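The following explanation proceeds from a question of burial to the overall form of the chain, and then to its internal cavities and a few individual residues. The reader is invited to keep the model in view throughout.

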Amino acid sequence: MSKQFTAEEVAKHDKDGDLWVVIDSKVYDLSRFAQMHPGGLAVLLDNEVAGQDATDAFFSLHRYEVLQRPQYSRLAIGTLAGAEQQVFPKAVGGLSNVPYAEPTWLSSGYHSPYYKDHHRKFQAAFRKFVEEVIMPDAQAREEDGKRPSPHVFQEMAKMNIMAMRLGPGPHLKGLTLMGGIVKPEEFDYFHELIMGQEVARIHARGYGDGLGGGTFIGLPAIMNFGRPELRDRVMKEVFEGKKLVCLAITEAFAGSDVAGLKCFAKRVEKGWVVTGTKKWITNGTFADYFVVGCRTEKGGLVVLFIERQEGIETKPIKTSYSTAAGTAYITFENVFVPYEHTLGPEEDGLRVILSNFNHERWGMATSSIGGQRAIVEECLKWVNQRKVFGRPLHSQAVIRSKLAAMIARVESAQNWLENITYQMNHMSYKDQSRYLAGSIGLLKKFATEGAQDTARDAVQVFGGRGITRTGMGRFIEHYHRTITFDAVLGGAEDVLGDLGVRQALKYMPKNTRL
């Protein structure tokens with residue numbers, strides 16, 4: 001790569017069988033590759049490409065990562081004399097220098113009252129882990145639909161990531177977190193927020209849920225309501241990356257209406273016999289353990305811990321995102337459950353089910369906002385390099401208007417999220433339920449509604465590329481196709497909005513008048 005060529009030398013190689021181009025100061029010999037070019041030979045023989053500096057033409061069609069692939073990088077034969085490289089890939093684990101691509105607390109020149117030095121060190125280490133360990137598997141599994149690879153869970157276990165994704169608490173005591181970057185007693189909801197937003201950057205929505213999404217919402221019921229011996233065994237297995245849990249509440253008969261569950265648990269000697277179905281259960285196809293909400297003979301609800309066994313059948317449900325999530329339809333056919341696997345009091349299942357909803361919805365809002373920010377970055381990069389009518393795409397006022405709306409949505413949601421997170425750090429779980437349930441519901445509604453607007457605008461910014469599953473706009477297409485999951489999971493937007501208003505009205509002073 002040390003050899004240099006003048007522009008005049010490159011220009012001589014402008015025909016079929018002898019074709020060179022310059023891309024960002026590097027000279028590429030495409031003579032043999034030209035016939036195999038996916039876009040056809042004619043594109044390369046264009047007067048503005050063959051033997052010329054084709055940087056603008058290349059980046060109007062391809063992502064930088066194409067140049068990094070071995071089959072293409074080996075086509076580079078030297079550099080253009082007098083030219084300097086202008087485009088540099090972001091370092092693994094590094095921060096983006098694109099405006100609004102990072103939350104303000106990570107942006108140069110900005111300040112935040114919420115984050116400390118150990119948050120910054122944690123973010124840097126966790127992003128590096130995501131990009132090196134999770135991202136490659138995420139893109140492969142999102143495409144082939146297989147469950148996340150075992151080695152990813154093993155690497156996560158070494159860092160105690162599964163434990164941290166459950167938030168701060170006594171379950172972290174004695175664990176070495178992220179190689180010792182943060183102490184268990186220091187770990188707070190802002191660390192968990194960082195994790196949720198970093199994982200959202202992988203552009204693989206189904207895989208992201210497959211990476212323990214069911215565990216994060218199912219295991220808390222075992223931790224908080226299970227008998228000590230059951231709790232300790234399951235926590236250890238999960239934290240070590242050996243087992244996965246799913247939360248089996250939703251049915252074809254009951255989604256947001258948890259009180260309408262029909263899956264039936266009959267009380268028998270030494271336990272229960274469960275019969276019924278569950279639907280749209282994240283991780284259900286490959287989960288080892290099921291946390292199941294059931295109706296009892298007395299008409300109440302009970303929550304049971306059930307190990308995968310004979311009588312349980314799980315079938316994959318095809319949705320608009322990858323089967324890497326393990327979304328399942330589950331059938332329980334006369335499944336015996338030992339009484340010791342009852343989570344919480346016998347007829348108090350509704351409290352057990354609802355106990356983690358605030359944390360679950362907060363986590364979903366966190367991921368939704370992180371995903372939106374990644375799309376804002378994609379759009380800002382694209383409008384800066386895409387040219388229309390001889391000028392950058394951002395020269396169009398309508399495009400700048402869309403970008404303004406995207407940025408306003410994600411920044412306002414991020415700031416609301418950080419305020420709520422700060423409150424969570426300074427409230428007991430009981431106080432969070434009293435003061436934050438409504439706010440979290442409204443935040444999730446606001447975030448997911450804004451995300452759908454951003455998805456629609458992003459497709460318009462990218463045009464045809466925004467609905468193409470490969471190439472320049474593939475992350476936009478993926479986001480647009482999967483964004484409605486955020487709007488439905490954890491409670492539909494309208495239900496959560498109503499929850500927020502009802503909680504506000506519940507605490508309205510009786511003597512208030514206009």
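A residue is called buried when its relative accessible area is under 20%, and exposed when that area is over 50%. The coordinates discussed here belong to a predicted model. With that cut-off in hand, Ser368 may be classified: its relative accessible area is 1%, so Ser368 is buried. Ser368 is located in helix H14. Which residues does Ser368 contact, leaving aside its neighbours within four places in sequence? They are Ala447, Thr448, Ala451, Tyr479 and Asp486.

Helix H14 also holds Thr366. Thr366 has a relative accessibility of 1% and therefore counts as buried as well. Not counting residues up to four places away in sequence, Thr366 touches Leu193, Gly196, Gln197 and Leu417.

One of the contacts of Ser368, Tyr479, leads to helix H17, in which Tyr479 is a buried residue. Helix H17 spans residues 474–482 and is mostly covered, with 7 of its 9 residues buried. Besides Tyr479, the buried residues of H17 include Arg474, Phe475, Ile476, Glu477, His478 and Thr482. The cover over these buried residues includes helix H4 (65–68), H6, helix H10 (205–210), H14, helix H16 (429–462) and helix H18 (484–488).

The chain as a whole provides the setting for these elements. Its secondary structure consists of 19 helices and 15 strands. The radius of gyration is 26 Å, close to the 24 Å that the globule rule gives for 514 residues, so the protein chain is as compact as a globular protein of that length. Along the principal axes, the C-alpha atoms fill a box of roughly 90 × 65 × 45 Å. Buried residues make up 52% of the 514 in the protein chain. Among contacts with a separation of 6 or more, 75% are between residues 24 or more positions apart. The protein chain exposes about 24,000 Å², of which carbon and sulfur atoms supply 53%.

Attention may now turn to the space left inside the model. Rolling a probe the size of a water molecule over the atoms shows where empty space is left. How many cavities of 30 Å³ or more does a search of the whole structure find? The search finds 2.

The largest cavity has a volume of about 120 Å³. It is lined by 15 residues, and those closest to its centre are Pro103, Arg127, Gln197, Glu198 and Arg201. Helix H6 (117–144), helix H9 (189–199) and helix H14 (357–385) are the elements that give two or more residues to this lining. Of the elements, H9 gives the most, with 4 residues. By class, the lining of the largest cavity comprises 7 nonpolar, 3 polar and 5 charged residues. Gln197, listed here among the residues closest to the centre, is also one of the residues that Thr366 touches.

The second largest cavity contains about 70 Å³ of space. Its lining is formed by Ile217, Ala221, Leu247, Ile249, Val291, Val303, Val352, Ile353, Ser355, Asn356, Phe357 and Glu360. Helix H11 (213–225), helix H13 (349–354) and H14 each supply at least two of these residues. The lining of the second largest cavity divides into 9 nonpolar, 2 polar and 1 charged. Helix H14 thus appears in the lining of the largest cavity and in that of the second largest.

Two residues deserve notice for their backbone angles. Met178 is not a glycine, although its phi is positive, at about 50°. Met178 lies in the loop between helix H8 (161–164) and H9, and its relative accessible area of 5% means that it is buried. Lys270 likewise is a residue other than glycine with a positive phi, near 70°. Lys270 is found in the loop between strand E7 (264–268) and strand E8 (271–281). Is Lys270 buried or exposed? Its relative accessible area is 63%, so Lys270 is exposed.

A final residue, Lys506, belongs to helix H19 (residues 493–506). With a relative accessible area of 59%, Lys506 is exposed. From C-alpha to C-alpha, Lys506 and Lys243 are 41 Å apart in space, and in sequence they are 263 residues apart.

How values were computed
Residues are numbered from 1 along each chain as its sequence is written. This is a predicted model: local features need pLDDT of at least 70, side-chain atom pairs count only at pLDDT 80 or more; totals for chains, interfaces and linings use all residues. Side-chain values use heavy atoms; hydrogens and water are left out. On a 1 Å grid over the protein atoms alone, a cavity is a set of points where a 1.4 Å probe fits but cannot get out, and a pocket is an open set with protein on both sides within 12 Å along at least five of seven lines; lining residues have an atom within 4 Å of a point. Grid points are joined across faces, edges and corners, and a volume is the space filled by probe spheres set on the points. Ala, Val, Leu, Ile, Met, Phe, Trp, Tyr, Cys and Pro count as nonpolar, Asp, Glu, Lys and Arg as charged, and the others, Gly among them, as polar. Buried means under 20% relative accessible area, exposed over 50%, partly exposed in between (1.4 Å probe, protein chains only). Contact means heavy atoms within 4.5 Å. The radius of gyration is taken over C-alpha atoms; the globule rule is 2.2 Å times the number of residues to the power 0.38. Accessible areas come from the Shrake-Rupley method with a 1.4 Å probe; for residues, only the protein chains shown count as cover.
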